[in-house]
Amino acid sequence: MQQIDSILIKEKAKELGFLLTGISKAKKLEDQARKLEQWLNKGFQAEMTYLEKYFDQRIDPEIMMPGTKSIITLSHNYFQEKDCTSDVNIARYAYGKDYHEVLKNKAAQLIAFISEKYGNIQAKAFVDSAPVMEREWAQNSGIAWLGKNTLAIHPKEGSYFFLVCIFIDLEIQVDDPISNFCGTCRKCIDACPTAAIHREGYLLDASKCISYLTIELKNEIPSEFTNQMKDWIFGCDICQEVCPWNRFAKRTEEAEFMQNEDILKLNKSDWLALTEESFKTLTKNSPIKRPKWKGLIRNVKFNLQ
Ligand code: SF4
Ligand code: SF4
């Protein structure tokens, strides 16, 4: 089968608001599989046992979607600073509407465009909800390197972006991976308040990460983290805030990601006064609903200790 030039796909992706598009050949992620296995064996996934499931699908596109020839990886900027003040911190990716639907919709438009251009194709988009290693595909597709903070980083665009992968049965011209520019920097390692990043970087103990503790953890936050949460009540951006590659981060232009001031203006006392019903209404379209009212209130209370 003839290889397709990626230029039209990249142009369309840009038109849809994606920041970067990279193409990688679909192949088994052998090296990454070993790393994932070591990480799981260390128990760094903590209560996120869903990461232990579907291992074979996760590392092999042929198992995830038989016939896959290429992976299109797309990034979408979500960066913005808070326009209002409050005494709590919320991860920037959660300032606006839930990204899953917004990005799935854009990916569907891109797939429709490709189908129109190249005929009957099989393609599936994944937005952080299936066993797909988005960061590793971003690395293979040349739109990021994986930094010492384990996040995908691009030299011009930083790391405040979502990732989307499209598995497709077309052979598309691939992109070369980019270099790792972390160098001797260790700002993220030194700034992490809970020492969740390994001292040499590139390895995260999720059980110590504030993102995990405030979003994924179902039980009480262990007392060893008292006074370390730095007023984060949903996620944490510290290892991105200190990263020099985010110095020139530009505000997202996506209307759906515009910040919800009704949520962002709330202080600790306002959160504690919210009933479960009002929490549900307030966070209906927001990623903040994930830990539920109980989890969010737990996070606020823990920050008051
Ligand atoms: S998100 Fe926060 S707690 Fe997690 S590794 Fe980064 S700085 Fe550390
Ligand atoms: S802060 Fe420094 S070491 Fe950490 S990810 Fe950014 S460039 Fe790499």
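Leaving aside neighbours within four places in sequence, R298 is in contact with E220 and I221 in this predicted model. R298 is found in helix α13, and with 20 C-beta neighbours inside 10 Å it counts as buried. The cut-off for being buried is 20 or more such neighbours. At the other end of the chain, I4 is separated from R298 by 294 residues in sequence and by 51 Å between C-alpha atoms.

The helix that holds R298 can be described in a little more detail. Helix α13 covers residues 292–304, and at 1.5 Å a residue its 13 residues should span 18 Å; the end C-alpha atoms are 19 Å apart, which agrees. R298 shares its buried status with other members of the helix, namely G295, L296, N299, V300, F302 and N303. What covers these buried residues includes the helices α8 (210–216), α11 (268–273) and α12 (276–282), together with strand β8 (232–234).

Helix α2 gives a useful contrast. The twelve residues of α2 reach 17 Å from the first C-alpha to the last, close to the 16 Å expected at 1.5 Å a residue. None of these twelve residues is buried, so α2 lies largely in the open. G43, with a positive phi near 80°, follows α2.

On a broader scale, the domain assignment of the protein gives domain 1 (7–168) and domain 2 (187–251 + 259–304). The second of these is written as two stretches of sequence, 187–251 and 259–304. The C-alpha centres of domain 1 and domain 2 lie 22 Å apart. Contacts between them involve 35 residues of domain 1 and 43 residues of domain 2. On the side of domain 1 that touches domain 2, 16 residues are nonpolar, eleven are polar and eight are charged.

The interior of the protein comes next. The largest nonpolar core has 80 residues, and V164, C165, I166, F167 and F234 touch the most other members. Strand β7 (residues 161–168) gives the most to this core, with eight residues. Domain 1 and domain 2 each contribute at least three residues to the core. For a closer look at one member, F167 can be followed outwards: leaving out residues up to four places away in sequence, F167 touches A26, P61, M64, M65, T68, I71, A123 and K124.

Two ligands are present, and their surroundings can be taken in turn. Around ligand 1 stand N149, C192, T194, A196, I197, L204, C209, I210, S211, C236, I238 and C239. Helices α8 and α9 (238–241) each supply at least two residues of this shell. By class, the shell around ligand 1 holds nine nonpolar residues, three polar residues and no charged ones.

Ligand 2 is surrounded by 14 residues, of which the closest are G147, C182, C185, C188 and C243. The shell around ligand 2 has eight nonpolar, three polar and three charged residues. Both domain 1 and domain 2 give residues to this shell, so ligand 2 lies between them.

Several loop residues are also worth a visit. L266 is found in the loop between α10 (261–264) and α11. Despite its place in a loop, L266 is buried, with 21 other C-beta atoms within 10 Å. Not counting residues up to four places away in sequence, L266 touches S86 and W271. D87 lies 179 residues away from L266 along the chain, yet the C-alpha atoms of the two are separated by 7.9 Å.

Two further loop residues are picked out by their backbone angles. Y54 has a positive phi of about 50° although it is not a glycine. The place of Y54 is in the loop between α2 (30–41) and α3 (55–59). With 14 C-beta neighbours inside 10 Å, Y54 counts as partly exposed. N227 is likewise not a glycine, and its phi is positive at about 70°. The loop that holds N227 runs between α8 and β8. N227 counts as exposed, with 9 C-beta neighbours inside 10 Å.

Methods: Residues are numbered from 1 along each chain as its sequence is written. Chains are lettered from A and ligands numbered from 1 in the order in which they are written. This is a predicted model: local features need pLDDT of at least 70, side-chain atom pairs count only at pLDDT 80 or more; totals for chains, interfaces and linings use all residues. A nonpolar core is a set of buried Ala, Val, Leu, Ile, Met, Phe, Trp, Tyr and Cys residues joined through C-beta atoms within 7 Å. Helices (H or I, at least four residues) and strands (E, at least two) are DSSP runs, numbered from the N terminus. Domain bounds come from an automatic or database domain assignment. Two residues are in contact if their C-beta atoms, placed from the backbone, lie within 7 Å. The expected span of a helix is 1.5 Å times one less than its number of residues. A residue is near a molecule or strand if its C-beta atom, placed from the backbone, lies within 6 Å of it. Ala, Val, Leu, Ile, Met, Phe, Trp, Tyr, Cys and Pro count as nonpolar, Asp, Glu, Lys and Arg as charged, and the others, Gly among them, as polar.
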